[in-house]
Amino acid sequence: VSFVYGTILTDGNDDYSEEITDTMCVYAEKQVDRSPCGSGTSSRIALQYFKNKVKVNQSRTFRGPSGDVFTAKVVKEVNCGKYRAVVTEVKGHGYFCGNSTFTLEENDVTGRGFLLQ
């Protein structure tokens with residue numbers, strides 16, 4: 001399938017438990033996220049909530065392939081338009097692995113942003 005950018009592989013341990021659940025995010029050109037993946041962890045805990053596997057404020061711990069862990073929980077249920085949604089909280093630690101320098105030339109008006117209407 002050429003249009004899938006990434007996927008998350010799990011150990012299938014979605015029922016609430018204090019046990020750590022393993023997760024691996026594979027994306028782009030065969031790259032693997034060393035962490036449990038922040039947005040992926042947020043998605044997993046939201047999905048577990050909507051499958052009635054966890055309740056509001058029940059924390060789960062997610063482990064990535066390097067052994068790094070994130071904890072996550074659903075903070076509250078909200079509405080997004082006509083749809084049920086949740087606010088999630090993910091905690092973990094990221095490591096600095098690089099930096100970039102961006103330069104904006106003085107006469108580059110598009111570089112300051114633009115609005116599509």
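T21 is buried, with a relative accessible area of 0%. This residue belongs to strand β2 of a predicted model. Beyond its neighbours up to four places away in sequence, T21 touches seven named partners: D11, N13, R44, R60, T61, F62 and R63. R60 and R63, both touched by T21, fall within strand β4, which covers residues 60–63. T61 and F62 are contacts of T21 as well.

The protein contains one helix and six strands. Their order from the N terminus is β-β-β-α-β-β-β. The helix, α1, covers residues 38–50. R44, one of the contacts of T21, has a number inside that range.

Strand β2 spans residues 21–27. Its pairing with three other strands can be described in turn. Strand β1, residues 6–10, pairs with β2 in the antiparallel sense. Five bridges support this pairing. Within the β1–β2 pair, I8 stands opposite C25. Strand β4 also pairs with β2, but in the parallel sense. Two bridges connect β2 and β4. Here D22 of β2 faces R63 of β4, the two standing opposite each other. Strand β3 runs antiparallel to β2 and is joined to it by two bridges. In this case Y27 stands opposite Q31 in β3. In a regular strand, side chains alternate between the two faces of the sheet.

The connection from β2 to β3 is a hairpin. Three residues lie between the two strands. A28, in the turn, has a positive phi of about 50 degrees. K30 is found in the loop between β2 and β3, the latter covering residues 31–32. K30 also has a positive phi, about 70 degrees, although it is not a glycine. K30 counts as exposed because its relative accessibility is 78%, and the cut-off for exposed is over 50%.

A further positive phi occurs at C37. The value is about 80 degrees, and C37 is not a glycine. C37 lies in the loop between β3 and α1. Its relative accessibility is 8%, so C37 counts as buried; the cut-off for buried is under 20%. K30 and C37 thus present two settings for a positive phi: K30 is exposed, whereas C37 is buried.

Values for the whole chain complete the description. The protein has 117 residues, of which 21% are buried. Its radius of gyration is 18 Å, whereas a compact globule of 117 residues would have one near 13 Å. The C-alpha trace spans about 55 × 40 × 35 Å along the principal axes. Contacts between residues at least 6 apart in sequence were also examined. Of these, 42% join residues at least 24 apart.

The accessible surface amounts to about 8,900 Å². Carbon and sulfur atoms account for 51% of that surface. The protein carries 14 positive and 14 negative side chains. The centres of the two sets lie 8 Å apart.

How values were computed. Residues numbered from 1 in each chain as written. Heavy atoms only, no water. Helix = DSSP H or I, 4+ residues; strand = E, 2+ residues; numbered from the N terminus. Rg over C-alpha atoms; globule rule 2.2 N^0.38 Å. Buried < 20%, exposed > 50% of the residue type's maximum accessible area, 1.4 Å probe, protein only. Contact = heavy atoms within 4.5 Å. Areas by Shrake-Rupley, 256 points an atom, 1.4 Å probe, with all protein chains shown as cover. Lys, Arg positive; Asp, Glu negative; His and termini not counted. Charge placed at Lys NZ, Arg CZ, Asp CG, Glu CD. Pairing = 2+ DSSP bridges.
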